[in-house]
Amino acid sequence: MKITIKNVDETFKVLENIDKEKVKKAIGIVTQAVYENTKTLAKPHIVTGMLEKNIRHKIKSESGIVWIDDDNMLVNWNGKKINYINFVLYGTRPHKIETKNKKALRFSYKNLDEFIYRKSVHHPGYKGDDFLKKAVEKTFSRLDVLLKDV
């Protein structure tokens, strides 16, 4: 993933010239903002609540991280288990989805109040929505506001 941020050199110069406690505070503020923006931008993709539950963040010393955990989000793909967030972020080609150990697939269609059951479905593909990247970009576009009191 490549993210281009304007005025990043100026931001780093400011951070280099402030004391360690202020740096920790700034990292905490920015990490929290990325986390909150990620949760907001993920809302259109939240169906069962598992995605929302797995958006996590941690601030440790002089670093902060926001990630999407694997808890109950692993799917079989080409013989491997991967986190389905990859498909949400980066999209998929059209493909067939079939049952493996269950009698049927269950899903809602066009926000109906009832479920549809099928042994297999043809998924039309999906272009993806890299809301995680968008959350970082949104946060960094507001660094001057976020860090004004640091």
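In this predicted model, Lys 134 is partly exposed, with a relative accessibility of 42%. Its side chain forms a salt bridge with Asp 129, and the closest N and O atoms of the two are 2.7 Å apart. Asp 129, at 15% relative accessibility, counts as buried, because the limit for a buried residue is 20%. The pair thus joins a partly exposed lysine to a buried aspartate.

The search of the whole structure finds 5 salt bridges. Besides the bridge of Lys 134, there is a network in which Arg 56, Asp 69 and Asp 71 are joined through salt bridges that share partners. Another salt bridge links Lys 24 with Glu 21, with a distance of 3.9 Å from N to O. Both of these residues belong to helix H2, which covers residues 20-42, and they stand 3 residues apart, about one turn of the helix. Glu 21 is exposed at 55% relative accessibility, whereas Lys 24 is partly exposed at 35%. A further salt bridge is formed by Glu 98 and Lys 96, whose closest N and O atoms are 3.6 Å apart. Lys 96 is exposed, with a relative accessible area of 54%.

The chain as a whole provides the setting for these details. It contains 6 helices and 8 strands. Along the sequence, these elements follow the pattern α-α-α-β-β-β-β-α-β-β-β-β-α-α. The C-alpha trace spans about 60 × 30 × 25 Å along its principal axes. The radius of gyration of the chain is 20 Å, while a compact globule of 150 residues would have one near 15 Å. Of the 150 residues, 26% are buried. Among the contacts with a separation of 6 or more, 54% are between residues 24 or more positions apart.

Attention may now turn to the interior. In soluble globular proteins, nonpolar side chains tend to be buried together. In this model, the largest nonpolar core has 20 residues. The residues with the most contacts inside this core are Leu 51, Ile 55, Ile 68, Ile 85, Phe 131 and Leu 147. Several elements contribute to the core: H2, strand S2 (63-68), H4, helix H5 (131-140) and helix H6 (143-146) each supply at least two residues. The largest share, 6 residues, comes from H2.

Which residues does Ile 55 touch, when those up to four places away in sequence are not counted? The residues are Tyr 35, Thr 38, Lys 39, Ala 42, Trp 67 and Ile 68. One of these, Ile 68, is also listed with Ile 55 among the residues with the most contacts inside the core.

Helix H2 also contains Thr 31. This threonine is buried, with a relative accessible area of 6%. With residues up to four places away in sequence left out, Thr 31 touches His 57, Lys 58, Ile 59, Gly 64, Ile 65 and Val 66.

Aromatic rings offer another view of how parts of the chain meet. The search of the whole structure finds 1 aromatic pair. Trp 77 and Phe 87 form this pair in an edge-to-face arrangement, with 6.2 Å from centre to centre and 65° between the planes. Why does the pair tie together parts that are 10 residues apart in sequence? Trp 77 lies in strand S3 (residues 74-77) and Phe 87 lies in helix H4 (residues 85-90), so the contact between the rings links these two elements. Both residues are partly exposed: Trp 77 has a relative accessible area of 43%, and Phe 87 has a relative accessibility of 22%.

A ring may also meet a charge. The charged end of Arg 106 sits over the ring of Phe 115, at 3.8 Å from its centre. Phe 115 is found in strand S7, which covers residues 115-118, and is partly exposed at 42% relative accessibility. Arg 106 also appears among the residues that Phe 115 touches, together with Phe 107 and Ser 108, when residues up to four places away in sequence are not counted. Phe 115 and Asn 7 are 108 residues apart along the chain, and their C-alpha atoms are separated by 50 Å.

Note on methods. Residues numbered from 1 in each chain as written. Predicted model: local features only at pLDDT ≥ 70, side-chain atom pairs only at ≥ 80, totals over all residues. Heavy atoms only, no water. Phe/Tyr/Trp six-rings, centres within 6.5 Å; stacked < 30°, edge-to-face > 60°. Helix = DSSP H or I, 4+ residues; strand = E, 2+ residues; numbered from the N terminus. Buried < 20%, exposed > 50% of the residue type's maximum accessible area, 1.4 Å probe, protein only. Lys NZ or Arg CZ within 6 Å of the ring centre and 35° of its normal. Salt bridge = Lys/Arg side-chain N within 4 Å of Asp/Glu carboxyl O. Core = buried A, V, L, I, M, F, W, Y, C linked by side-chain atoms within 4.5 Å. Contact = heavy atoms within 4.5 Å. Rg over C-alpha atoms; globule rule 2.2 N^0.38 Å.
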